[in-house]
Structure formats: C-alpha cells, structure tokens
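Q: Please take a close look at one part of this model, the metal site, and then say a little about a pocket. Which residues hold the metal, and how are they arranged?

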Amino acid sequence: MITVTRRDRIFILTGSGISAESGIPTFRGSGGLWRNNHVEEVASPQAWARDPAMVWEFYSMRRRVAAAAKPNPGHFALAALESELGDRVFLCTQNVDNLQEQGGSQRVLHMHGELFKSRCETCRRGPFPDEACYEPPTEIPRCVCGGRIRPHICWFGEVPYEMDRILVALDSCTIFAAIGTSGVVEPAASFVAHVRHLASTYYVGPEPPANVGVFDRCFLAEAGKMLPNLFQVG
Ligand SMILES: [Zn+2]
C-alpha cells in the first residue's frame with residue numbers, strides 16, 4: 001500500500017506489461033520479432049527509408065491487434081486515481097495503444113507516440129487520428145502537400161516526445177511508480193534514478209525490471225491485481 005497525502009504529486013510511468021495483461025504483445029525491448037525481423041529493424045527511420053510499405057504493414061497489424069484489446073483493472077485504477085487527484089497525477093506511458101484512455105484517463109502523455117495517430121513527414125501536418133490499415137497492395141498514404149504520411153510513433157533512434165514536460169513533472173513528484181516497464185528502454189529506464197533522491201519510488205509488475213535495485217520497493221504482481229488497491233489517498 002502506498003499512502004498518498006495532500007502534498008504528494010505522483011508520477012506514473014507505464015510500460016508494455018500493463019498492455020500485455022490486455023493481450024497486446026510486447027514488441028519493444030530485446031527479443032521482439034516480427035516475421036523474423038528484429039523490431040528495431042522495422043520500427044526505425046532506416047526501415048522507413050528503405051521499405052515504407054513494410055513499416056505500414058507492421059503498424060497496420062499492430063492497429064488491428066490494439067483495436068481488439070480492452071482495458072484491464074490496472075487501466076481503470078489509474079483512471080480512478082487521476083479522477084481523485086486531478087493534476088497531482090502525471091500519467092506518462094511508453095505504450096502506443098489507447099487502453100489508458102479507454103479506461104477513462106483524461107491526460108496521458110505518450111512519450112513513444114500513438115498507434116492510432118499519423119502525421120505528414122514533410123509539412124508537419126498532424127498528428128491526427130488515423131485508424132486505417134495500409135497494407136500492400138495499398139499505396140503509402142499521402143498528405144495534401146504530397147509528402148508521405150507516417151505513423152505517429154517514436155522509432156528507434158528518434159527522440160521521445162514532450163521530454164520537457166516529462167522532466168518538469170519528474171522534478172516535482174514526491175511519489176514515482178513504474179508499472180510494467182522492462183527497465184531497459186532509455187530514456188524512461190533512467191527516470192527512477194533521476195527522481196530517487198526527491199521521491200519514494202515503486203515498481204509494479206510480475207517480473208523484476210532490469211533496474212530493480214534503484215527502486216525503494218517492488219510489488220511483484222500483475223498491474224491488474226495490484227493497482228486497484230495500491231494507493232491509499234489520505
Ligand atoms: Zn504534408
């Protein structure tokens with residue numbers, strides 16, 4: 001149990017584990033494969049330059065998988081915490097699905113982008129909502145400016161989104177909780193080390209993360225089982 005007082009500000013970082021509990025497979029991190037390609041070789045600017053049709057095929061598949069998934073009790077618990085504490089909760093996710101929004105969360109910062117959004121790579125139109133699947137023999141979608149439309153995803157080698165807002169929230173939090181993160185993917189893996197002298201730090205997930213030693217306390221259980229009763233708001 002984590003006691004939350006009126007003075008506390010909570011930074012929540014969610015990772016693929018909470019989505020995996022809803023049936024969305026983990027693609028990021030080590031060992032992720034799609035059609036015998038390492039995910040790093042599909043989710044990268046180099047892959048987009050070489051074979052954009054393959055990249056869109058991968059993200060079209062992921063859109064279909066994510067569209068069929070439903071939020072779990074962990075997602076609902078985060079939405080309930082936000083509705084109770086308002087802007088004293090900062091929800092930051094590495095996930096690109098919209099399960100937290102489906103669970104009722106109002107303000108989720110997607111540092112790695114959003115599966116159901118696209119943007120123009122040329123004129124910076126977007127990101128705009130896009131649930132379509134673009135698979136061969138479909139053409140690569142084009143913007144009115146003629147540029148190619150790409151997934152609104154932070155690929156390997158690209159800088160995560162809204163890091164300035166994330167750093168402000170990290171520097172002002174008193175409770176930091178990472179949920180279902182592998183502790184491998186940077187820069188998110190370093191957030192806990194960044195805040196450990198300012199905040200109490202917690203981990204929730206069935207397996208210990210790679211950076212387990214940095215946390216004050218780990219709750220080794222599924223988010224869907226642990227989160228509904230984890231925070232006690234005083
Ligand atoms: Zn454009």
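A: What follows describes the metal site and then a pocket. The model is a predicted one, and the positions below should be read with that in mind.

The zinc ion has four protein donors, namely the SG atoms of C120, C123, C143 and C145, which lie 2.3 to 2.4 Å from the ion. Because the angles subtended by these four donor atoms run from 103 to 116°, and a tetrahedral site requires all angles to lie between 85 and 135 degrees, the arrangement around the zinc ion is tetrahedral. Along the sequence, the donor residues follow the spacing C-x2-C-x19-C-x1-C. Within this set, C120 and C143 link distant parts of the chain, being 23 residues apart, with C120 in strand β7 (residues 113-120) and C143 in the loop between β8 (128-129) and β9 (149-153). C120 counts as buried because its relative accessible area is 0%, and C143, with a relative accessible area of 6%, is buried as well.

Turning to the pocket, the second largest one has a volume of about 180 Å³. Its lining is made up of 16 residues, and D87, V89, F90, L91 and A169 are those that lie nearest the centre of the pocket. At least two lining residues come from each of β2 (10-14), β5 (89-93), β6 (108-110) and α6 (163-172), with α6 giving the largest share, four residues. By chemical class, the lining of this second largest pocket comprises 10 nonpolar residues, one polar residue and five charged residues.

Note on methods
Residues are numbered from 1 along each chain as its sequence is written. This is a predicted model: local features need pLDDT of at least 70, side-chain atom pairs count only at pLDDT 80 or more; totals for chains, interfaces and linings use all residues. Side-chain values use heavy atoms; hydrogens and water are left out. Donors are N, O and S atoms within 2.8 Å of the metal (3.2 Å for Na, K and Ca); water is not among the atoms, so sites may look incomplete. Four donors count as tetrahedral if all angles lie between 85 and 135 degrees; four count as square planar and six as octahedral if opposite donors are over 155 degrees apart and all others between 65 and 115; anything else is irregular. Buried means under 20% relative accessible area, exposed over 50%, partly exposed in between (1.4 Å probe, protein chains only). On a 1 Å grid over the protein atoms alone, a cavity is a set of points where a 1.4 Å probe fits but cannot get out, and a pocket is an open set with protein on both sides within 12 Å along at least five of seven lines; lining residues have an atom within 4 Å of a point. Grid points are joined across faces, edges and corners, and a volume is the space filled by probe spheres set on the points. Ala, Val, Leu, Ile, Met, Phe, Trp, Tyr, Cys and Pro count as nonpolar, Asp, Glu, Lys and Arg as charged, and the others, Gly among them, as polar.
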